[in-house]
Amino acid sequence: MWALGAAYGTAKSGTGIAAMSVMRPELIMKSIIPVVMAGIIAIYGLVVAVLIAGALEEPSKYSLFKGFIHLGAGLSVGFSGLAAGFAIGIVGDAGVRGTAQQPRLFVGMILILIFAEVLGLYGLIVAIYLYTK
């Protein structure tokens with residue numbers, strides 16, 4: 001799910017960048033920030049997936065409790081990554097299009113993107129907390 005959120009954020013922001021680059025091609029590199037932030041969401045999920053995969057054991061040693069904890073950690077980072085990816089995609093698309101028309105919107109767009117990114121970070125924190133139980 002975390003990869004789905006990152007993919008949606010990248011695709012939605014990418015369409016906004018493509019539309020904006022027709023009007024203001026000099027702003028392409030400045031407008032790539034939402035795509036980078038969507039990619040970071042995927043890294044959060046990858047970290048948790050590697051942690052869980054490293055803790056897997058043979059079925060006789062792997063308890064039901066541990067399995068549910070790992071499921072909860074995966075769902076936590078997955079759903080929060082999905083939500084953050086959707087938020088980053090929508091804000092990134094509208095933000096880069098708006099910044100092309102009014103450059104003063106750039107700082108506001110970055111602040112909103114940071115708040116959207118933090119949603120994924122919260123899921124990562126909960127997942128790591130669950131993993132350590």
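Select R24 to begin: in this predicted model, R24 is partly exposed, with a relative accessible area of 24%. Add E26 to the selection, and you will find that E26 forms a salt bridge with R24, in which the closest N and O atoms are 2.7 Å apart. E26 is itself exposed, at a relative accessible area of 54%, because the cut-off for that class is over 50%.

This salt bridge belongs to a set, since the structure holds 4 salt bridges. For another of them, select E57 and K66, whose closest N and O atoms are 3.5 Å apart; E57 is partly exposed, with a relative accessible area of 40%, and K66 is also classed as partly exposed, at 29% relative accessibility.

Go next to helix 3, where R97 and D93 both lie, 4 residues apart, which is about one turn of the helix. Their side chains meet in a salt bridge, with 2.7 Å from N to O. On the two sides of that bridge, R97 is partly exposed at a relative accessible area of 36%, whereas D93 counts as buried at 11% relative accessibility. With K12 added to the selection, you have the three residues K12, D93 and R97, which are linked in a network of salt bridges.

Keep D93 displayed and select S13, which has its place in helix 1 and is buried, with a relative accessible area of 0%. Leaving aside the neighbours of S13 within four places in sequence, the residues in contact with S13 are P34, V35, I88, G89, G92, D93 and V96.

The aromatic residues come next, and the structure holds 1 aromatic pair. Select Y8 and F86 to see this pair, which is stacked, with 4.2 Å from centre to centre and 20° between the planes. The pair links distant parts of the chain, as Y8 is in helix 1 (residues 2-23) and F86 is in helix 3 (residues 64-101), 78 residues apart. Y8 is partly exposed, with a relative accessible area of 29%, and F86 counts as partly exposed at 37% relative accessibility.

For a ring that meets a charge, select K30 and F106: the charged end of K30 sits over the ring of F106, at 4.5 Å from the centre of that ring.

Finish on the surface by selecting I28, M29, I32, V36, I40, I43 and V47, which make a nonpolar surface patch of about 580 Å². Among them, I40 lies in helix 2 (residues 33-55) and is partly exposed, with a relative accessible area of 30%.

Note on methods: Residues are numbered from 1 along each chain as its sequence is written. This is a predicted model: local features need pLDDT of at least 70, side-chain atom pairs count only at pLDDT 80 or more; totals for chains, interfaces and linings use all residues. Side-chain values use heavy atoms; hydrogens and water are left out. Rings of Phe, Tyr and Trp (its six-membered ring) pair if their centres lie within 6.5 Å; planes under 30 degrees apart count as stacked, over 60 as edge-to-face and the rest as tilted. Helices (H or I, at least four residues) and strands (E, at least two) are DSSP runs, numbered from the N terminus. Buried means under 20% relative accessible area, exposed over 50%, partly exposed in between (1.4 Å probe, protein chains only). A charge sits over a ring if NZ of Lys or CZ of Arg is within 6 Å of the ring centre and within 35 degrees of the ring normal. Patches are made of residues with over 30% relative accessible area and no salt bridge: like charges are joined within 9 Å, nonpolar side chains (Val, Leu, Ile, Met, Phe, Trp, Tyr) within 5 Å. Accessible areas come from the Shrake-Rupley method with a 1.4 Å probe; for residues, only the protein chains shown count as cover. Contact means heavy atoms within 4.5 Å.
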